[in-house]
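User: I'd like a close look at one helix and the residues around it, please. Which charges pair up, which side chains are tucked away, and what else should I look at along the chain?

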Amino acid sequence: MTTADRKAGTTPKPRSSQPWLHQKGKEIQEFGTVRQLPVGLSYDTRMYSCQRLNQVLCDTRILHDLYKKHHWLMRGHTFYQLHLLMDKHADEQTELTDDIAERIQTLGGVAVGDPRHVAEITSIPRPPNGVEEVPAMLSRLLEAHETILEDCHDAAARTQEMGDDGTNDLLVSDVIRVNELQAWFVAEHLVDTPLIHV
């Protein structure tokens, strides 16, 4: 018993290694809001950047999942190469996802975390549940890359105008460059080059 417990006439709670299960809490920050953090940017700038970044975050998470799906479902004579490429690109998209989410948090926002919420926001069309032909899978990836790139080019220009250099740098140096490079690698697999010339 501590001195404070003796003075207050209270009995301390016994210590236990039992976890406190089934806890519920109040939402302490709503999605779509930003807290004030000392980052030298106005409320309006931070709000705008968080909205744009959350869109990019959702689309990036869906692109990651498309890469994983295609990694598992790849077929044909280029199976091995594409199987490895899909996994490599998925890993790179995972890194982008974390960078984007952390930027949103840095600005005082709330990053989209639940995959069901991601599905509500994304602009990437849902693929069929089954297996598509390989060229269709690759085309679907290219369309997703282009959607993200078009959005990022616009968002980068707007965030630069608003003075949010950190968001602009993330979009240009990381998201745009990675997506452009990945789009190039995928697109080259759709060039009609025969394995042999007869």
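**Around helix H3**

Analyst: Let's start with Glu 92, which counts as partly exposed because its relative accessible area is 26%, and that sits between the 20% and 50% limits. Keep in mind throughout that this is a predicted model.

Who does Glu 92 meet in a salt bridge? The partner is Lys 88, with N to O at 2.6 Å. Both residues belong to helix H3 and are four residues apart, about one turn of the helix. Lys 88 is partly exposed too, because its relative accessibility is 43%. As background, side chains of opposite charge can pair when their charged atoms come close.

Now take Asp 87, whose side chain meets that of Lys 68 in another salt bridge, again 2.6 Å from N to O. This one links distant parts of the chain: Lys 68 sits in helix H2 (residues 43-73) and Asp 87 in helix H3, 19 residues apart. Are the two partners buried or exposed? Lys 68 counts as buried because its relative accessibility is 19%, a value under the 20% limit. Asp 87 comes out partly exposed because its figure is 23%. So the H2 side of this pair is buried, while the H3 side is partly exposed.

Those are two of the seven salt bridges counted in the model. Another one is away from the pairs just described: Glu 132 and Arg 140, with their closest N and O atoms 2.9 Å apart. Glu 132 and Arg 140 are both buried. There's also a network, in which Arg 52, Asp 151 and Asp 154 are joined by salt bridges that share partners.

Back to the helix. H3 covers residues 79-106, with Glu 102 among them. Glu 102 is part of a negative surface patch, along with Asp 91, Glu 95, Asp 98 and Asp 99. Why does Glu 102 count as partly exposed? Because its relative accessibility is 44%. Patch residues need over 30% relative accessible area and no salt bridge, so Glu 102, at 44%, is past that area cut-off.

What about the nonpolar surface? Phe 79, Tyr 80 and Leu 84 make a nonpolar patch of about 310 Å². Phe 79 has its place in helix H3, and it counts as partly exposed because its relative accessibility is 33%.

Thr 97 is another H3 residue, but this one is buried, because its relative accessible area is 16%. If you want a spacing to check in your viewer, try Thr 97 and Cys 50: the two are 47 residues apart in sequence, and their C-alpha atoms are 14 Å apart in space.

Since a cysteine has come up, how many disulfides are there? The count is zero. For Cys 58, the nearest cysteine sulfur is that of Cys 152, and it is 13 Å away. Seen from the other end, Cys 152 is in no disulfide either, with the sulfur of Cys 58 as its nearest at 13 Å. A disulfide would need the sulfurs within 2.5 Å, so this pair doesn't make the cut. Buried or exposed, then? Cys 58 is buried, because its relative accessible area is 0%. Cys 152 is buried as well, because its value is also 0%.

Two loop residues round things off. His 22 lies in the loop between helix H1 (3-8) and H2. It has a positive phi of about 60 degrees although it isn't a glycine. His 22 counts as exposed because its relative accessibility is 76%, over the 50% limit.

Ile 124 sits in a loop too, the one between helix H4 (115-121) and helix H5 (134-161). Where His 22 is exposed, Ile 124 is buried, because its relative accessible area is 8%. From Ile 124 to Glu 143 is 19 residues in sequence and 8.3 Å in space, C-alpha to C-alpha.

To pull the H3 picture together: Lys 88 pairs with Glu 92 along the helix, Asp 87 reaches over to Lys 68 in H2, Glu 102 belongs to a negative patch, Phe 79 belongs to a nonpolar one, and Thr 97 is buried.

Definitions and conventions: Residues numbered from 1 in each chain as written. Predicted model: local features only at pLDDT ≥ 70, side-chain atom pairs only at ≥ 80, totals over all residues. Heavy atoms only, no water. Patch = residues over 30% accessible without salt bridge, like charges linked within 9 Å, V, L, I, M, F, W, Y side chains within 5 Å. Areas by Shrake-Rupley, 256 points an atom, 1.4 Å probe, with all protein chains shown as cover. Salt bridge = Lys/Arg side-chain N within 4 Å of Asp/Glu carboxyl O. Lys, Arg positive; Asp, Glu negative; His and termini not counted. Charge placed at Lys NZ, Arg CZ, Asp CG, Glu CD. Buried < 20%, exposed > 50% of the residue type's maximum accessible area, 1.4 Å probe, protein only.
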